[in-house]
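Work through the exercises below with the structure in view. Try each task before reading its solution.

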Amino acid sequence: MRTFRDAKAMAKAMREALGIKGLTVSHSEALEVVARQFGTESWNVLAAKIESEEADGQERAAHGAEPAIAFTQPVPILRIFDEDKAREFYVGWLGMEIDWEHRFAPQMPLYCQVSLGGMKLHLSEHSGDASPGATCLVYMEGVEAWQKQLVGKPYKYNRPGLERQDWGLECTVIDPFGNRIRFLEARTGD
């Protein structure tokens, strides 16, 4: 569960980590970045959501109800090294949209969110955010049609195939930075 303490601790940790690298970020700038990482447009929006969730939790506690545990879809962070190649792969070839971008200054590394349908990925040029060569598993329906769509596009660096596994049908793509995205249509009961 998100709390003000969690969000503010994340902002403080980010400021400290960047400070070690000689980068100065104000507390309010750090809070805005944390808000975007939670998928909200600003700190004020995130703060209102947290306040509402805390009030709901207090109301449930006052009536003896157990707090609900809920998970949402995780968002992988993938390390990138070249913004143009990342755009060519994720936007040009996969057809994803850039939802938002963040930089601490004009010449600083990019951190952004790309999405397509229900799939969201964070791409980061920051060295401490992720290790290159990660693998993400994306559950989907229509993987065979997706694979045909991809190989039908003029992208010379990737021609993914289909693999029939015991657990379903897979199409794996590899981005220019060695990250793999496995699109999986899980096998249903026999």
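The exercises that follow concern a predicted model.

**Exercise 1. Describe the chain as a whole.**
How many helices and strands are there in the chain, and in what order do the elements run from the N terminus on?

Solution.
Step 1. Count the elements: the chain has five helices and eight strands.
Step 2. Read them from the N terminus: the order is α-α-α-β-α-β-β-β-β-α-β-β-β.
Step 3. Add the extent: a box of roughly 55 × 50 × 20 Å, taken along the principal axes, holds the C-alpha atoms.
Step 4. Add the burial: of the 190 residues in the chain, 34% are buried.

**Exercise 2. Find the edges of the open sheet.**
Which strands stand at the edges of the sheet formed by four strands?

Solution.
Step 1. Write down the strand order of the open sheet, which is 5-8-7-6, with mixed pairing.
Step 2. Look at the ends of that order: strand 5 (135-139) and strand 6 (163-165) each have a single partner strand, so one side of each lacks a neighbour in the sheet.
Step 3. Note the twist, which averages 30° from one strand to the next.

**Exercise 3. Follow strand 7 and its two partners.**
How many bridges join strand 7 to strand 6, and how many join strand 7 to strand 8?

Solution.
Step 1. Start with strand 6: three bridges join it to strand 7 (residues 168-174), and the two run antiparallel.
Step 2. Name residue pairs on this side: Gln165 has Gly168 of strand 7 as its bridge partner, and Arg164 stands opposite Leu169.
Step 3. Look at the link: strand 6 and strand 7 are joined by a hairpin through two residues.
Step 4. Turn to strand 8: seven bridges pair it with strand 7, again in the antiparallel sense.
Step 5. Return to Gly168, whose bridge partner in strand 8 is Ala186.
Step 6. Look at the second link: the hairpin of strand 7 and strand 8 has five residues between the strands, and Gly178 in the turn has a positive phi of about 90°.

**Exercise 4. Account for the surroundings of strand 7.**
Why is strand 7 described as largely enclosed by the rest of the structure?

Solution.
Step 1. Take the cut-off: a residue is buried if its relative accessible area is under 20%.
Step 2. Apply it: six of the seven residues of strand 7 are buried, so the strand is largely enclosed by the rest of the structure.
Step 3. Find a helix that lies across it: helix 5 (residues 143-151) lies across strand 6, strand 7 and strand 8 (180-186). Helix 5 runs at about 30° to strand 7.

Note on methods: Residues numbered from 1 in each chain as written. Predicted model: local features only at pLDDT ≥ 70, side-chain atom pairs only at ≥ 80, totals over all residues. Heavy atoms only, no water. Buried < 20%, exposed > 50% of the residue type's maximum accessible area, 1.4 Å probe, protein only. Pairing = 2+ DSSP bridges. Axes fitted to C-alpha atoms, helices over the stretch in contact; angles between N-to-C directions. Contact = heavy atoms within 4.5 Å.
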